[in-house]
Amino acid sequence: MGNTLTCCVSPDASPKLSRGAGAAGPERRLDAYDAAAGDTVLAAAEPKETDSAGGEGPHLQHISDREFPDVTLKASRNLPDVDLTQLYISLLIIVHLGINLAMESNPSDHPRASTIFLSKSQTDVREKRKSNHINHLSPGQLTKKYSSCSTIFIDDSTVSQPNLRSTIKCVTLAIYYHIKNRDSDRSLDIFDEKSHPLTRDDVPDDYFKHDPDHKHIYRFVRTLFSAAQLTAECAIVTLVYLERLLTYAEIDICPSNWKRIVLGAILLASKVWDDQAVWNVDYCQILKDITVEDMNEMERHFLELLQFNINVPASVYAKYYFDLRSLADDNNLSFLLEPLSKERAQKLEAISRLCEDKYKDLSKAAMRRSFSADNLVGIRRSNAILS
């Protein structure tokens, strides 16, 4: 050991090389090594022709003195293939997870994500609560009604049949907070009121600087809903489409575009939700100075920005309804409460009985399906014998 000629060259001294047949063993091993290594240049490793009678084998370099640049190059070329495959799979997983996280973070698509308008309103709500605490004021209305043993106060707004006036107030309040607490003024030309005016009146140069108040937004939306005879459910779907547009298109609702964005959301919600949807020409009769071509173009851009996703799941609809009620409570916009009358109580009782009868019918139908297995799984008990 330690002698390069004795350790790695002499076929008689190396038990690994002596397994071959004579002097041809090292040559076969070198050919195999060259084939595995690629285009390696091993000029110094080729066997020298010597007299076999002298007992001296071919002269080879020690393995520590050799350099294999091509082998390293081949190995480095093969490694990226495996790494690229693993990287491609990892990227697919990351993209898939990113899509799921994006959907879960979008309130208009996922029921567990919190609504944007409710989060934007919390800043003002905290300030109001702080001001009431400093000034020792009650957070709620002093005239708020409470139920008692003799009188029960209820409102006529439910998730399936919300009150129209209260719902429009809550939706316009949500739009107001969107505009007031916006992150920036990102917009598109199709929604800009300067480029596409809704009236013939000249738009002032500082139209983008003044935020509309809640009453202004409420009058605009109430006029459209009253003229087109839209329902309260359509108002909730309008808010869903509005937040979906802001999320998908990555824009903000601001003083320069809020009217056209709200109009486009109402137009689309009325066509998707109501069975008898109004036509675009009907809105042109409400807004006298707008053209049908402009309405068609705005609707087309609105759908493209929504990626034609107009589906509103029931869970998302219910989430928006209850968040709007929370927004109303935070801003003292309580739904109208009326004492429960005898006629109203009888209607509620009739509805509850109808639901109870349907539940019993479903229960009976479910029990009938299990009658065939009673004889197999039933437990038979014998009569007890007392002694």
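Select helices α7 and α11 to begin: E233, I236, V237, L239, V240 and E243 in α7 meet V316, Y317, Y320, Y321 and L324 in α11. By residue class, this contact of α7 with α11 comprises nine nonpolar residues, no polar residues and two charged residues. The model on display is predicted.

**The α7 and α11 crossing**

Keep both helices selected, taking residues 232–249 for α7 and residues 314–330 for α11. Their axes come within 10 Å and cross at roughly 100 degrees. Because angles of 65 to 115 degrees count as roughly perpendicular, α7 and α11 are described as roughly perpendicular to each other.

**Along α7**

Now select α7 alone. The helix has 18 residues, and the span from its first C-alpha to its last is 26 Å, close to the 26 Å expected at 1.5 Å a residue. Colour the helix by accessibility to see that α7 is mostly covered, with 16 of its 18 residues buried.

Step next to E250, which lies just after α7 and takes a positive phi of about 55 degrees.

**The loop before α7**

Move to the loop between α6 and α7 and select Q229, which has its place there. The phi of Q229 is near 55 degrees, a positive value in a residue other than glycine. Is Q229 buried or exposed? Its relative accessibility is 69%, so Q229 counts as exposed.

**The α6 and α8 pair**

From Q229, turn to helix α6 (residues 214–228) and add helix α8 (residues 258–273) to the selection. These two helices pack at an angle of about 30 degrees, and their axes are 11 Å apart. That angle makes α6 roughly parallel to α8, because angles under 35 degrees are counted in that class. The crossing in which α6 passes α8 is right-handed.

To display the contact itself, show the side chains of H216, I217, F220, V221, L224 and F225 in α6, together with their partners W258, K259, V262, L263 and I266 in α8. The residues of this contact divide into nine nonpolar, one polar and one charged.

**The loop after α11**

Return to α11 and follow the chain onward. Select N332, found in the loop between α11 and β2, the latter covering residues 338–339. Phi of N332 is near 60 degrees, which is a positive value in a residue other than glycine. With a relative accessibility of 33%, N332 counts as partly exposed.

**T291 and L198**

For the next stop, select T291 in the loop between α9 (280–286) and α10 (292–305). T291 is partly exposed, its relative accessible area being 41%. Add L198 to the selection and draw a distance between the two C-alpha atoms: the separation is 9.0 Å, although T291 and L198 are 93 residues apart along the chain.

**The whole chain**

Finally, clear the selection and view the chain in full. How many helices and strands does the secondary structure of the chain come to? There are 13 helices and two strands. The chain has 387 residues, of which buried residues make up 32%. Among the contacts between residues at least 6 apart in sequence, 76% join residues at least 24 apart.

Technical notes
Residues are numbered from 1 along each chain as its sequence is written. This is a predicted model: local features need pLDDT of at least 70, side-chain atom pairs count only at pLDDT 80 or more; totals for chains, interfaces and linings use all residues. Side-chain values use heavy atoms; hydrogens and water are left out. Axes are lines fitted to C-alpha atoms, for helices over the stretch in contact, and angles run from 0 to 180 degrees between N-to-C directions. Helices (H or I, at least four residues) and strands (E, at least two) are DSSP runs, numbered from the N terminus. Angles under 35 degrees count as roughly parallel, over 145 as roughly antiparallel, 65 to 115 as roughly perpendicular and the rest as oblique. A crossing is left-handed if the near helix is turned anticlockwise from the far one by less than a right angle, and right-handed if clockwise. Contact means heavy atoms within 4.5 Å. Ala, Val, Leu, Ile, Met, Phe, Trp, Tyr, Cys and Pro count as nonpolar, Asp, Glu, Lys and Arg as charged, and the others, Gly among them, as polar. Buried means under 20% relative accessible area, exposed over 50%, partly exposed in between (1.4 Å probe, protein chains only). The expected span of a helix is 1.5 Å times one less than its number of residues.
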